[in-house]
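Trainee: Could you help me learn to read a structure I have not met before? I would like to take it feature by feature.

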Amino acid sequence: MYGGSQMSNKTDHNDQVYCPYVEERERLDNGFSAGWGFQFQPSEEYWIDCHNHIDGCKTQAELYKILDKWFSHLEAFRLGNVVLIAKHEDDFKVYSDVSSADDRMDWLLWLPHDKPDTELLEKALKYGVKGLKLHNNLIMRGQGKHGVWLSEEWGRVFNMVEEAGISILWHVTQRHSNSPYQGGGTNAYWADGWKTGVSFTNEDLLQVMLEVMEKYPNMNVIGAHQLHVGLERLSSLFDEYKNLYIDTSCGFYTRWADQIYEDDRKKLNQFVTQYADRILFGTDSALSPHGATEYDFQGFLCHARFISQLRLDYDTLQKISHGNSEKLFGIKQLDATRKGNVRP
């Protein structure tokens with residue numbers, strides 16, 4: 001009834017995918033365990049969350065306290081590593097020391113649009129920074145020109161990034177409208193900018209980023225929040241720009257009691273499978289020394305739930321959950337050690 005021909009890690013005509021070990025049990029040990037756990041679906045070995053904010057952490061002890069709180073809850077959901085974002089030079093030694101000793105974290109450097117600081121980036125590189133974080137929020141709010149990234153000063157920064165072989169996580173655009181589903185406010189950033197006379201658009205911001213990418217084709221850019229564009233536009237961008245990636249934060253999200261509609265799941269499954277090498281798991285979470293609430297934990301779980309509901313094949317799932325982050329940020333592959341009954 002549950003023969004090996006029906007147990008495969010590949011998608012069959014019913015869109016059913018199974019853990020690759022299900023197929024192995026059909027033939028190993030002369031098929032002794034054939035049919036045992038036949039319903040097991042592919043599961044992530046672990047998650048690397050490539051997009052996390054942190055503030056108010058000045059010592060190693062404080063950072064360990066934050067990590068311990070976060071992982072005491074989310075390690076049970078297979079969280080393996082978080083990539084944190086440092087904003088100040090004072091953070092470098094603390095983040096470097098902890099990340100060197102603790103596999104649970106790595107870090108990026110945030111450079112504001114008006115501070116193309118090559119000296120600061122050089123110092124961060126010496127401390128082992130894994131990448132750069134850029135954000136257009138202040139530009140959208142009218143505090144900077146949208147073409148600032150094309151300046152000679154930023155050109156020197158991008159040259160350093162390209163030569164160092166690190167990647168950029170870039171919040172480029174921001175959707176208009178409200179988005180209460182995942183806690184997004186109405187016309188975030190733009191509402192402030194329009195009051196000051198901002199007239200450029202999301203498309204203008206996107207085109208600036210694409211021009212930067214054309215100038216630095218060996219520099220990988222991860223567009224935060226899927227660049228706030230749909231799957232069709234993303235497909236055309238992926239096909240044209242081989243150095244473009246996205247993270248899953250905010251848009252690839254499923255609330256606690258929701259199930260993705262089947263037609264939508266099929267579209268998303270096809271897209272994610274086709275571009276499996278270009279998508280990084282990320283949540284845009286905020287880690288705080290003041291502790292974490294159920295709201296904070298659910299922010300992570302809603303992103304993990306989305307990926308799980310797509311019913312991806314095993315190899316695709318591992319790329320999304322951790323493999324692509326390891327590749328782009330040079331993160332050491334973790335040991336997916338069994339812990340209790342929730343580990344592989």
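Trainee: Is Val-83 buried or exposed?

Mentor: Val-83 has 1% relative accessibility, so this residue counts as buried. Buried means under 20% relative accessible area, exposed over 50%, and partly exposed in between, with a 1.4 Å probe and protein chains only. Val-83 is part of strand E2. Helices (H or I, at least four residues) and strands (E, at least two) are DSSP runs, numbered from the N terminus. Along the chain, Val-83 and Ile-331 are 248 residues apart, yet their C-alpha atoms are separated by 9.5 Å.

Trainee: What should I keep in mind about the model itself?

Mentor: This is a predicted model, in which local features need pLDDT of at least 70 and side-chain atom pairs count only at pLDDT 80 or more, while totals for chains, interfaces and linings use all residues. Residues are numbered from 1 along each chain as its sequence is written, and side-chain values use heavy atoms, with hydrogens and water left out.

Trainee: Which residue can I look at for the exposed case?

Mentor: Try Asn-30, which counts as exposed because its relative accessibility is 81%. Asn-30 sits in the loop between helix H1 (20-27) and strand E1 (47-54). From Asn-30 to Gln-60 there are 30 residues in sequence and 53 Å in space, C-alpha to C-alpha.

Trainee: In what order do the strands of the sheet come?

Mentor: The general idea is that strands of a sheet pair through backbone hydrogen bonds, either parallel or antiparallel. Here, two strands pair if DSSP finds at least two bridges between them. Nine strands form an open sheet with parallel pairing, in the order E8-E7-E6-E5-E4-E3-E2-E1-E9. E8 and E9 are the edge strands, each pairing on one side only. For one pairing, look at E1 and strand E2 (residues 79-86), which run parallel and are joined by five bridges. There, Asn-52 stands opposite Leu-84 in E2.

Trainee: Which way do the side chains of E7 point?

Mentor: In a regular strand the side chains alternate between the two faces of the sheet. In strand E7 (residues 244-247), Leu-244 and Ile-246 point one way, Tyr-245 and Asp-247 point the other way, and all are buried. Strand E6 (residues 221-223) runs parallel to E7, and three bridges join them. Within that pairing, Gly-223 is opposite Ile-246 in E7. The chain gets from E6 to E7 through helix H9 (residues 231-240), and this β-α-β crossover is right-handed. Right-handed is the word when, with the strands pointing away from the viewer, the path from the first strand over the helix to the second runs clockwise.

Trainee: What does E7 pair with in addition to E6?

Mentor: E7 pairs with strand E8 (residues 279-280) in the parallel sense over two bridges. Ile-246 has Ile-279 as its bridge partner in E8. E7, helix H10 (residues 262-274) and E8 also make a right-handed β-α-β unit.

Trainee: How do I read a pair of aromatic rings?

Mentor: A pair of aromatic rings is described by the distance of the centres and the angle of the planes. Rings of Phe, Tyr and Trp (its six-membered ring) pair if their centres lie within 6.5 Å; planes under 30 degrees apart count as stacked, over 60 as edge-to-face and the rest as tilted. The structure holds 20 aromatic pairs. In one of them, the ring centres of Trp-149 and Trp-170 are 5.2 Å apart and the planes lie at 70°, so the pair is edge-to-face. This pair links distant parts of the chain, 21 residues apart: Trp-149 is in the loop between helix H5 (137-140) and helix H6 (152-164), and Trp-170 is in strand E5 (residues 167-171). Trp-149 counts as buried because its relative accessibility is 2%, and Trp-170 counts as buried at 0%.

Trainee: Which residues form an aromatic cluster with Trp-149?

Mentor: Trp-149 forms one aromatic cluster with Trp-154, Phe-158, Trp-170 and Tyr-216.
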